[in-house]
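I opened this notebook to record what I looked up, working from the overall fold towards single side chains.

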Amino acid sequence: LSYYLYHFSKRSVEAERDKLKLDKLLTESSLAHLRSQLNPHFLFNSLNSVKALVTEDPIKAKRAVVLLADTLRSSLNLSQRSMVLLEEELAYVKDYLEIEKIRFEERLQYEFDIDPATIDKKIIPLSIHLLVENAIKHGINKEIEGGLIKLRTAMDNDALIITIISPGYLVNETSDSGLGLS
């Protein structure tokens, strides 16, 4: 009986360890898939913005191309890593917002309220960018007068709290037109 109980508990522990490994792989795979969908979406939106500016305002178009190149370079760099510093992600998000500000002009305003204690914390790459992109798509883009996107960070004990506020709101839609977050 002791022999069977020992082997049963050993197999149970091994099965739990295997389950945790599979859960981790599933999470990493989901994040990789989300990143692969994020970059083309952003690129097409940005190129359309630059295209519109080329004849309208060549100086802004040139600035947008420089920002886009910097943003894409950062995107490639960040997406190759499993974790990045919040400071790196925020620099990337600021460049992204500057590109979108060229597109939306005065309709897009943004402000950052960053707790200095959060700057050296590690996060998943492009995670804030994804949320800000959604705030623009479902907030600023849908409002005629545009609006303000606020990004705040804070520490709550050992937890990093990231808050993004936009004029948008969640609509319970069923659509196959894109990827999103529930």
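**Fold and contacts**

I began with the contacts of this predicted model, and found that, among those in the protein with a separation of 6 or more, 72% are accounted for by residues 24 or more positions apart. I then listed the secondary structure, which comes to four helices and five strands, and from the N terminus on the elements run α-α-β-α-β-β-α-β-β.

For burial, I noted that 26% of the 182 residues count as buried, while the protein exposes about 12,300 Å², with carbon and sulfur atoms supplying 57% of that area.

**Nonpolar cores**

Which residues touch the most other members of the largest nonpolar core? I found Leu97, Leu108, Ile128, Val132 and Ile136 in that role, in a core of 19 residues. At least two residues of this core come from each of α3 (86-104), α4 (127-140) and β4 (147-156), and α3 has the largest share, with seven residues. I also recorded a second, separate core of eight residues, with Val50, Leu53, Leu68 and Ile102 among them.

I followed isoleucine 128 further and, leaving aside neighbours within four places in sequence, found it in contact with Leu86, Glu89, Leu90, Val93, Ile123, Leu151, Ile162 and Ile164.

**Glutamate 89**

The glutamate in that list made me ask whether glutamate 89 is buried or exposed. Glutamate 89 lies in helix α3 and has a relative accessibility of 0%, so I entered this residue as buried. I next looked for the polar contacts of its side chain, and found that the side chain of glutamate 89 reaches the backbone nitrogen of serine 127 at 3.3 Å and the backbone nitrogen of histidine 129 at 3.0 Å. Not counting residues up to four places away in sequence, glutamate 89 touches Leu78, Val84, Ile123, Ile124, Pro125, Leu126, Ser127, Ile128 and His129.

**Aromatic pairs**

How many aromatic pairs does a search of the whole structure find? I obtained two. In one, the rings of tyrosine 3 and tyrosine 4 have their centres 5.5 Å apart and their planes at 75°, so I entered the pair as edge-to-face; both of these tyrosines are exposed.

In the other, the rings of tyrosine 110 and phenylalanine 112 have centres 5.7 Å apart and planes at 55°, and because edge-to-face needs an angle over 60 degrees and stacked one under 30, I entered this pair as tilted. Tyrosine 110 is partly exposed, with a relative accessible area of 24%, and phenylalanine 112 also counts as partly exposed, at 23% relative accessibility.

Technical notes: Residues are numbered from 1 along each chain as its sequence is written. This is a predicted model: local features need pLDDT of at least 70, side-chain atom pairs count only at pLDDT 80 or more; totals for chains, interfaces and linings use all residues. Side-chain values use heavy atoms; hydrogens and water are left out. Buried means under 20% relative accessible area, exposed over 50%, partly exposed in between (1.4 Å probe, protein chains only). Contact means heavy atoms within 4.5 Å. Accessible areas come from the Shrake-Rupley method with a 1.4 Å probe; for residues, only the protein chains shown count as cover. A nonpolar core is a set of buried Ala, Val, Leu, Ile, Met, Phe, Trp, Tyr and Cys residues joined through side-chain atoms within 4.5 Å. A polar contact is a pair of N or O atoms within 3.5 Å; within protein, one must be able to donate a hydrogen and the other to accept it, and residues adjacent in sequence count only if both atoms are side-chain atoms. Rings of Phe, Tyr and Trp (its six-membered ring) pair if their centres lie within 6.5 Å; planes under 30 degrees apart count as stacked, over 60 as edge-to-face and the rest as tilted.
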